[in-house]
2 protein chains.
Amino acid sequence: MTSKTTPSPVLNSDQLLEHWQGHRALTRRVIEAFPEEAFFNHRIGGMRSFSDMCKELIAIAGPGMKEIAGGPVKSMNEDLDLGTEKKNFLDAWDETTEIINREWKKVSKDRFQEVIVNFGLYETPVWGAILYYIDNEIHHRGQAYVYLRDLGIEPPNFWER
Amino acid sequence: MTSKTTPSPVLNSDQLLEHWQGHRALTRRVIEAFPEEAFFNHRIGGMRSFSDMCKELIAIAGPGMKEIAGGPVKSMNEDLDLGTEKKNFLDAWDETTEIINREWKKVSKDRFQEVIVNFGLYETPVWGAILYYIDNEIHHRGQAYVYLRDLGIEPPNFWER
């Protein structure tokens with residue numbers, strides 16, 4: 001039991017993993033919704049293509065999770081060689097799903113409140129790192145929704161995970 | 001102490017409140033970044049103006065928090081009379097900030113794992129309701145970033161809260 005002066009825990013690790021993977025499943029459907037060429041070329045206002053945003057998301061999630069699980073601290077590398085086919089991105093996405101599930105099991109119960117220097121740059125408690133990964137994905141996926149609407153394509157429902 | 005078979009708590013209520021209000025502070029700066037007219041009129045691909053999205057966010061956060069804190073279950077009302085000046089939206093935003101801080105203090109430590117029927121429609125644990133409010137705000141704010149870029153305006157940094 002927590003004492004009366006300790007703030008209450010909000011959610012547990014199983015719930016956070018399911019929440020994260022639910023968001024990642026939705027983002028996967030957003031990648032699928034893009035026409036092959038638009039995934040690599042469509043842009044608004046000088047922003048990146050959604051494929052470039054996805055490189056960032058893939059560069060963060062798997063390597064970030066490995067570091068959280070006790071792996072070595074490495075700098076972030078968004079310059080991924082994923083070619084010019086959506087299929088490669090979907091494969092990398094699915095590989096990341098497996099990495100997250102596998103590494104998650106190695107995370108001890110006290111780890112979430114430990115402070116790390118994620119990617120050797122970002123000082124944050126582990127819970128904050130994971131929420132940042134999720135929030136950053138939602139942020140860029142929201143942008144992808146505008147790209148899809150601009151292309152005349154109905155995006156997947158935001159609330160379906 | 002939790003037993004070994006109980007999944008670990010990830011973050012506590014104080015941390016979640018600070019996380020949420022940090023996001024809300026960023027969204028407030030995004031509202032401020034819009035030119036007065038574009039806030040009400042700029043659209044891409046048949047989507048809503050950011051002012052209409054903000055009505056949704058304001059309709060969710062304060063009333064949702066009141067319900068979570070034990071207030072009556074009311075249906076959601078996005079049809080807010082906020083006029084055609086950004087100032088009214090910023091005032092409503094600030095009022096919501098105070099409502100959240102005030103109502104948060106009424107939430108008991110076991111409440112986050114209780115299941116509610118939020119707004120009489122959405123069955124969810126309380127932690128899931130709050131994360132949905134945050135996620136939905138990030139989603140629409142990400143869309144507002146595209147609107148701003150499309151208008152040639154540099155948005156506030158995503159990582160500054």
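Here is a quick look at how chains A and B meet in this predicted model.

Residues are numbered from 1 along each chain as its sequence is written, and chains are lettered from A in the order in which they are written. Local features need pLDDT of at least 70, side-chain atom pairs count only at pLDDT 80 or more, and totals for chains, interfaces and linings use all residues.

Start with the symmetry: chain A lands on chain B after a rotation of 180° with 0.0 Å of shift along the axis, RMSD 0.0 Å (least squares on C-alpha atoms of residues with pLDDT of at least 70 in both copies). That is the relation of a two-fold axis.

At the interface, 31 residues of chain A contact 31 residues of chain B (C-beta atoms, placed from the backbone, within 7 Å). The share of chain A's interface residues that are also interface residues in chain B is 100%, so the copies meet through the same surface. On chain A's side, α5(A) gives the most, with twelve residues.

These elements of chain A each give two or more residues to that side (helices are DSSP runs of H or I, at least four residues; strands are E, at least two):

| Element | Residues |
|---|---|
| β1(A) | 9–12 |
| α1(A) | 13–33 |
| α5(A) | 126–150 |

β1(A) also pairs with β1(B), antiparallel, over three bridges (pairing takes at least two DSSP bridges). There, L11(A) has L11(B) as its bridge partner.

Within chain A, residues of α1(A), including W20(A) and H23(A), meet residues of α5(A), among them I134(A) and R141(A).

Conventions:
Contact = placed C-beta atoms within 7 Å.
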